[in-house]
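Q: Please give me a close look at the largest pocket, then place it in the rest of the chain. How do the residues of its lining divide by nonpolar, polar and charged character?

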Amino acid sequence: MEQLLYTSTATARFAADDVFNIVMTSARNNPDREVTGFLVFADGAFLQLVEGPKERLDELLDVLSRDPRHRDITVNSRRSVQTRSFPNWRMQRLDTSSRDSRLAVAPLRAAGLPRDLVDQVEGFITRG
């Protein structure tokens, strides 16, 4: 079991309702992929944490690399874990509308996500 945290940049082909579609499609497909996690979209960029079997995450990265809605995929962290932090999150979107990063990352802290990953998510939300 692994956790993978990556960032990417939205392209011109990305439409406003695409975030909703991405979350809904992922939530529908991820149980078959054995993948759970969350997505953040802010200021034209994505941050996503996914967790699941190594092979499934490799397959997902391959799919993501061919998605024309984003570019510049950067893997920020990839590590082995004993258990999932988000076993019930087929795909969750973190709410960043208040721009209060403490509110956005509170569920991550509650789930026991390692501090360095929480810090990366919080930094992503507050950048710029």
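A: The lining of the largest pocket divides into 10 nonpolar, 8 polar and 3 charged residues. The model is a predicted one, and the values here are computed from it. In all, 21 residues line this pocket, and its volume is about 330 Å³. Lying nearest the centre are Ile 22, Ser 26, Leu 64, Asp 67 and Arg 69.

As for where the lining comes from, helix 1 gives the largest share, with 7 residues. Helix 1 spans residues 18-33, and it is one of four elements that each supply at least two residues of the lining, the others being strand 1, strand 3 and helix 2.

Three of these contributors also meet outside the topic of the pocket. Helix 2, residues 54-65, lies across strand 1, strand 3 (45-52) and strand 4, and runs at about 170° to strand 4. Helix 4, residues 115-126, likewise lies across strand 1, strand 3 and strand 4, and across strand 2 (36-42) too. The angle of helix 4 to strand 3 is about 160°.

The strands that these helices cross belong to an open sheet of 5 strands, ordered 4-1-3-2-5 with mixed pairing. Strand 4 and strand 5 are at the edges and have a single partner strand each, so one side of each has no neighbour in the sheet. Strand 1 (residues 2-10) and strand 4 run antiparallel and are joined by 8 bridges. Within that pair, Thr 7 is found opposite Thr 74 of strand 4.

The two edge strands are also linked through a loop: Trp 89 sits between strand 4 (70-80) and strand 5 (92-93). Leaving aside residues up to four places away in sequence, Trp 89 touches Thr 36, Gly 37, Phe 38, Leu 94, Pro 107 and Leu 108. Thr 36, Gly 37 and Phe 38, touched by Trp 89, fall within the 36-42 range of strand 2. The C-alpha atoms of Trp 89 and Met 24 are 12 Å apart, although 65 residues separate the two along the chain.

Taken as a whole, the protein has 4 helices and 5 strands. Read from the N terminus, the elements follow the order β-α-β-β-α-β-β-α-α. The radius of gyration of the protein is 14 Å, close to the 14 Å that the globule rule gives for 128 residues, so the protein is as compact as a globular protein of that length. Along the principal axes, the C-alpha atoms fill a box of roughly 35 × 30 × 25 Å.

How values were computed: Residues numbered from 1 in each chain as written. Predicted model: local features only at pLDDT ≥ 70, side-chain atom pairs only at ≥ 80, totals over all residues. Heavy atoms only, no water. Contact = heavy atoms within 4.5 Å. Pairing = 2+ DSSP bridges. Axes fitted to C-alpha atoms, helices over the stretch in contact; angles between N-to-C directions. 1 Å grid on protein atoms, 1.4 Å probe; cavity = no way out; pocket = protein on both sides within 12 Å on 5 of 7 lines; lining within 4 Å. Points joined across faces, edges and corners; volume = space filled by probe spheres on them. Nonpolar A, V, L, I, M, F, W, Y, C, P; charged D, E, K, R; others polar. Rg over C-alpha atoms; globule rule 2.2 N^0.38 Å.
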